[in-house]
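Visitor: I would like to go through the labels used for this model and hear the reasoning behind them.

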Amino acid sequence: MAVGKRLAAARGAWICFQDEAGQVLRPPVAKTWARRGHTPVISVSGKGSGRVSIAGLVCLKPGHRGRLMWRTRLHRNRKGERGSFSEDDYIAFLDQAHQRLRAPIVLIWDNLNTHISVRMRELIAARRWLTVIRLPAYAPDLNPTEGVWRWMKRGLTNIAVRGVDHLADLVKRRLRACQQRTDLLAGFFASTGMTLDPEPP
């Protein structure tokens, strides 16, 4: 991470942590209170199928409020449908983030096969404003975007969705709420144990 911080400071860049998550129609398991002997039950419709995939970016820069950006992709289990984000999906997302932030990006993400493919390396090399640093294997605790997913899923625990489109609407609503809570983003970053050094004068 120290390398990324030095690069960001030197180039006036944003440090952006990227990660993916998915949510199916079945609500996440959660703990709650209930009278002894009366287990709470959430009715879940067995109709329909599908999943919502989310790609997220937690963007940080000293002296600026944190930013959360995200994209969703709906999977309806149709024949021939891709089950995940492609290299072109990721690079379009990063291009959009670059336009919004109006600065270079130091991207920090994991070793997902789509992140390290030949195609992805070519797309990254064609963008001078993009520097990529890979997280160590099995290190989700170093990625503040993981905190976003936990917070998002907590808000879906007591809801029985009617279908994949309804689920997508709920996911987007929850993520929009997180976007407005810069204190949450700061907390997710603080939970990694890392800090941002002030920009040099």
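Guide: This is a predicted model. Helix α5, residues 164-179, has 16 residues and reaches 22 Å from its first C-alpha to its last, close to the 22 Å expected at 1.5 Å a residue.

Visitor: Which elements do the buried residues of α5 pack against?

Guide: They pack against β1 (14-24), β2 (51-60), β3 (67-75), α4 (145-154) and α6 (182-190). Among the buried residues of α5 are V164, L167, L170 and C178.

Visitor: Why does T192 count as buried?

Guide: Its relative accessibility is 11%, and buried means under 20%, so T192 counts as buried. T192 lies in the segment after α6 and touches D141, L142, N143 and P144, leaving aside residues up to four places away in sequence.

Visitor: What makes the reach from the side chain of T192 to the backbone oxygen of F189 a polar contact?

Guide: The distance is 2.5 Å, and the cut-off for such a pair of N or O atoms is within 3.5 Å.

Visitor: Why is the pair of F17 and F189 called tilted?

Guide: The structure holds three aromatic pairs. In this one the ring centres are 6.1 Å apart and the planes stand at 50 degrees; planes under 30 degrees count as stacked and over 60 as edge-to-face, so the pair is tilted. F17 in strand β1 and F189 in helix α6 are 172 residues apart.

Visitor: Why is the pair of Y90 and W109 edge-to-face?

Guide: Their planes are at 80 degrees, and over 60 counts as edge-to-face, so the label follows. Y90 is in helix α2 and W109 in strand β4.

Conventions: Residues are numbered from 1 along each chain as its sequence is written. This is a predicted model: local features need pLDDT of at least 70, side-chain atom pairs count only at pLDDT 80 or more; totals for chains, interfaces and linings use all residues. Side-chain values use heavy atoms; hydrogens and water are left out. Helices (H or I, at least four residues) and strands (E, at least two) are DSSP runs, numbered from the N terminus. The expected span of a helix is 1.5 Å times one less than its number of residues. Buried means under 20% relative accessible area, exposed over 50%, partly exposed in between (1.4 Å probe, protein chains only). Contact means heavy atoms within 4.5 Å. A polar contact is a pair of N or O atoms within 3.5 Å; within protein, one must be able to donate a hydrogen and the other to accept it, and residues adjacent in sequence count only if both atoms are side-chain atoms. Rings of Phe, Tyr and Trp (its six-membered ring) pair if their centres lie within 6.5 Å; planes under 30 degrees apart count as stacked, over 60 as edge-to-face and the rest as tilted.
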